[in-house]
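Okay, hi everyone, thanks for squeezing me in. Let me put the structure up and then talk you through it.

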Amino acid sequence: MQIAPSILSADFANLERELQRIADADSAHVDVMDYHFVPNLTLGLPIVEALQRVTPIPLDCHLMIDDPDRWAPAYAEAGAASVTFHIEAAADPRSLARDIHAAGAQACMALKPGTAFAPYEELLEVIDMVLVMTVEPGFGGQSFMADQMPKVREVREAIDRRGGRIRIQVDGGVSASTIEQCADAGADVFVAGSAVYGADDAAAAIGELRRLATACVHH
Ligand code: DX5
Ligand code: ZN
């Protein structure tokens with residue numbers, strides 16, 4: 001069970017210090033948005049390269065951008081431990097996963113709430129993680145979409161059927177009150193932005209999320 005705080009809710013004027021606040025987490029989730037794939041703009045490669053130089057934990061880059069086939073491998077080259085592309089934006093996801101691996105990172109495919117998993121099940125052959133979005137991508141602090149839990153279960157069943165070790169990440173509205181249903185459905189990597197950075201004690205919030213997720217056994 002891994003906790004990946006999203007720095008989208010951090011103080012962007014003090015990112016090095018904000019990464020230190022989550023040094024107990026498993027990875028730091030970095031939301032890259034381009035004003036095209038989503039109606040918001042955050043940060044890009046130069047900032048990720050800078051974060052990579054100071055982060056105490058691995059970076060997990062979530063690319064909410066058009067044309068990930070062209071742009072995603074550079075985030076792996078910058079040193080990100082995992083690079084997530086949206087399946088809705090990828091032209092050739094197999095070749096993209098190969099490029100990300102060749103650049104030294106794990107490859108993850110993300111599904112927006114309206115995107116079904118079934119058409120992409122075969123891609124489990126080439127990826128390391130599936131991100132099931134539990135909000136519409138674009139902004140932190142939105143309400144958790146419990147109606148995505150059947151999709152998490154479907155992905156978990158497909159992974160278990162194949163006997164692989166692929167992880168399932170959930171992202172959006174994950175908090176102490178919603179994390180258990182995610183874990184119960186089969187998720188094992190939990191992104192939390194406002195629930196961690198909105199807390200006075202980020203380390204305590206991470207510990208509590210991890211405790212709740214670990215106490216939940218999925219089938
Ligand atoms: C939303 C981002 C999320 C966001 C989550 O598009 O992908 O990573 O930071 O924020 P919370 O946890 O506040 O919903
Ligand atoms: Zn994200």
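I'll start with the sheet, move on to two helices, and finish at the metal site.

One thing up front: this is a predicted model. So, the sheet. It's an open one with 8 strands, and the pairing is parallel. If you walk across, the order goes 1-8-7-6-5-4-3-2. At the edges you've got strand 1, residues 2–5, and strand 2, residues 28–33, each pairing on one side only. From one strand to the next, the twist averages 25°.

Let me pick out one pair. Strand 4, that's 82–86, runs parallel with strand 5, 106–111, over 5 bridges. There, Ser 82 sits opposite Gln 106.

Now the helices. Helix 2, residues 45–54, packs on the sheet and touches strands 2 and 3; its direction is at about 170° to that of strand 3. Then there's helix 5, 149–162, lying across strands 5, 6 and 7. Helix 5 runs at about 170° to strand 7.

Okay, the metal. Which residues hold the zinc ion, ligand 2? The protein donors are His 29 through NE2, Asp 31 through OD, His 62 through ND1 and Asp 171 through OD, at 2.1 to 2.3 Å. The site has 6 donor atoms, with angles of 71 to 171°, and comes out octahedral.

Here's the bit I like. His 29 is in strand 2 and Asp 171 is in strand 7, so that pair ties together parts 142 residues apart in sequence. And are those two buried or exposed? His 29 is buried, at 0% relative accessible area, and Asp 171 also counts as buried, at 9%.

Note on methods. Residues are numbered from 1 along each chain as its sequence is written. Chains are lettered from A and ligands numbered from 1 in the order in which they are written. This is a predicted model: local features need pLDDT of at least 70, side-chain atom pairs count only at pLDDT 80 or more; totals for chains, interfaces and linings use all residues. Side-chain values use heavy atoms; hydrogens and water are left out. Two strands pair if DSSP finds at least two bridges between them. Helices (H or I, at least four residues) and strands (E, at least two) are DSSP runs, numbered from the N terminus. Axes are lines fitted to C-alpha atoms, for helices over the stretch in contact, and angles run from 0 to 180 degrees between N-to-C directions. Contact means heavy atoms within 4.5 Å. Donors are N, O and S atoms within 2.8 Å of the metal (3.2 Å for Na, K and Ca); water is not among the atoms, so sites may look incomplete. Four donors count as tetrahedral if all angles lie between 85 and 135 degrees; four count as square planar and six as octahedral if opposite donors are over 155 degrees apart and all others between 65 and 115; anything else is irregular. Buried means under 20% relative accessible area, exposed over 50%, partly exposed in between (1.4 Å probe, protein chains only).
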